[in-house]
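Me: I'd like to learn how to read a structure I've never seen before. Could you walk me through it?

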Amino acid sequence: NVSFGFLGVQLGFALQNANVSRVLSDLGADLHSLSLFWLAAPIMGLLVQPIVGAASDRTWNRVGRRRPFILGGAIAAALGMLLMPNAPLFVSLIAPMLFGGLMLALMDGAFNVTMQPFRALVADMVPNEQRTLGYSIQALLINIGAVIGSILPFLLTNVIGLDNTAPKGEVAPTVTWAFYIGASALLGAVLWTVIRTKEYPPEK
């Protein structure tokens, strides 16, 4: 229960890593400039993880210490996953490429907000003699999520039969639906952990 949400987080993260370059290319990004977009990932990690880690160490409210950050990050990440494939819908408000870049930054920042407290939650909740087992279970769920997220568009194409191509400026249905499924799995898994885990108060 403590680590189950990480399966959903890693599923979403794997979908982002495997498909964002394709989404940005479909929206009109030059292949030679894609690496500039991916600078968002390490920059977000560098900025967000230390801040969120320190903030969650000092937090305690009705929801808990780590769970408010886990839930807030998951909601923001799911929102980014739902909006990114729909960038062409916002063309009257903002250029699709710029919108896609902003959604990438939002998703990556939100994944970092969620991941850091998840790691700390295991240390908070598990006694010393079970800590290795706790992190092993977390690693297993992380890798299951990564495999599912990486293979999901392939399954939607070859098993479900969704179209894997799209006109220029639009995103393929397989990628769009993979992001929808990933956002739902992310929120569902994180809600499972948030609801089923009761954090110990600071005095304990």
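Below we go from the overall fold to the core, the salt bridges and a surface patch.

Reply: One thing before we start: this is a predicted model.

Me: Okay. How many helices and how many strands are there in the protein chain?

Reply: Counting the elements is a good way in. Here the protein chain has seven helices and zero strands, so the pattern along the sequence reads α-α-α-α-α-α-α.

Me: What does the radius of gyration say about how compact the protein chain is?

Reply: You compare the value with what the globule rule gives for that length. The protein chain comes out at 18 Å, close to the 17 Å that the rule gives for 204 residues, so it is as compact as a globular protein of that length. If you prefer a box, the C-alpha trace spans about 55 × 35 × 30 Å along its principal axes.

Me: And what share of the 204 residues is buried?

Reply: Buried means under 20% relative accessible area. In this protein chain, buried residues make up 45% of the 204. As for the outside, about 10,200 Å² is exposed, and carbon and sulfur atoms supply 67% of that.

Me: Which residues touch the most other members of the largest nonpolar core?

Reply: With a core, look for the members that touch many others. This one has 43 residues, and those touching the most other members are Val9, Met81, Met84, Phe111, Leu186 and Val190. The elements giving two or more residues to this core are α1 (4–26), α4, α5, α6 (131–160) and α7. Helix α5 gives the most, with 12 residues.

Me: Take Val9. Which residues is it in contact with, leaving aside neighbours within four places in sequence?

Reply: Val9 is in contact with Phe111, Thr114, Met115, Phe118, Leu186 and Val190. Across the protein chain, look at contacts with a separation of 6 or more: residues 24 or more positions apart account for 78% of them.

Me: Now the charged side chains. How many salt bridges does a search of the whole structure find?

Reply: It finds three. For each one, check the distance, then the burial of both partners. Asp57 pairs with Arg66, their closest N and O atoms being 2.8 Å apart. Arg66 also meets Asp124 in a salt bridge, at 2.6 Å from N to O. That second pair links distant parts of the chain, 58 residues apart: Asp124 is in helix α5 (residues 96–125), and Arg66 is in the loop between α3 and α4 (67–83). Together, Asp57, Arg66 and Asp124 are linked in a network.

Me: Is Arg66 buried or exposed?

Reply: Arg66 counts as buried because its relative accessible area is 5%. Its partners are partly exposed: Asp57 has 45% relative accessibility, and Asp124 has 28%.

Me: What about the salt bridge of Glu199 and Arg67?

Reply: Their side chains meet at 3.4 Å, N to O. This pair also links distant parts of the chain, 132 residues apart, with Glu199 in the segment after α7 (173–196) and Arg67 in helix α4. Both Glu199 and Arg67 are buried.

Me: Last one: which residues make the nonpolar surface patch?

Reply: For a patch, ask which side chains form it and which element they come from. Leu36, Leu39, Ile43, Leu46 and Leu47 make a patch of about 520 Å². Helix α3 (residues 40–57) supplies the largest share, three residues. Leu47 is found in that helix, and it counts as partly exposed because its relative accessibility is 48%.

Conventions. Residues are numbered from 1 along each chain as its sequence is written. This is a predicted model: local features need pLDDT of at least 70, side-chain atom pairs count only at pLDDT 80 or more; totals for chains, interfaces and linings use all residues. Side-chain values use heavy atoms; hydrogens and water are left out. Patches are made of residues with over 30% relative accessible area and no salt bridge: like charges are joined within 9 Å, nonpolar side chains (Val, Leu, Ile, Met, Phe, Trp, Tyr) within 5 Å. Accessible areas come from the Shrake-Rupley method with a 1.4 Å probe; for residues, only the protein chains shown count as cover. A salt bridge is a side-chain nitrogen of Lys or Arg within 4 Å of a carboxyl oxygen of Asp or Glu. Helices (H or I, at least four residues) and strands (E, at least two) are DSSP runs, numbered from the N terminus. Buried means under 20% relative accessible area, exposed over 50%, partly exposed in between (1.4 Å probe, protein chains only). A nonpolar core is a set of buried Ala, Val, Leu, Ile, Met, Phe, Trp, Tyr and Cys residues joined through side-chain atoms within 4.5 Å. Contact means heavy atoms within 4.5 Å. The radius of gyration is taken over C-alpha atoms; the globule rule is 2.2 Å times the number of residues to the power 0.38.
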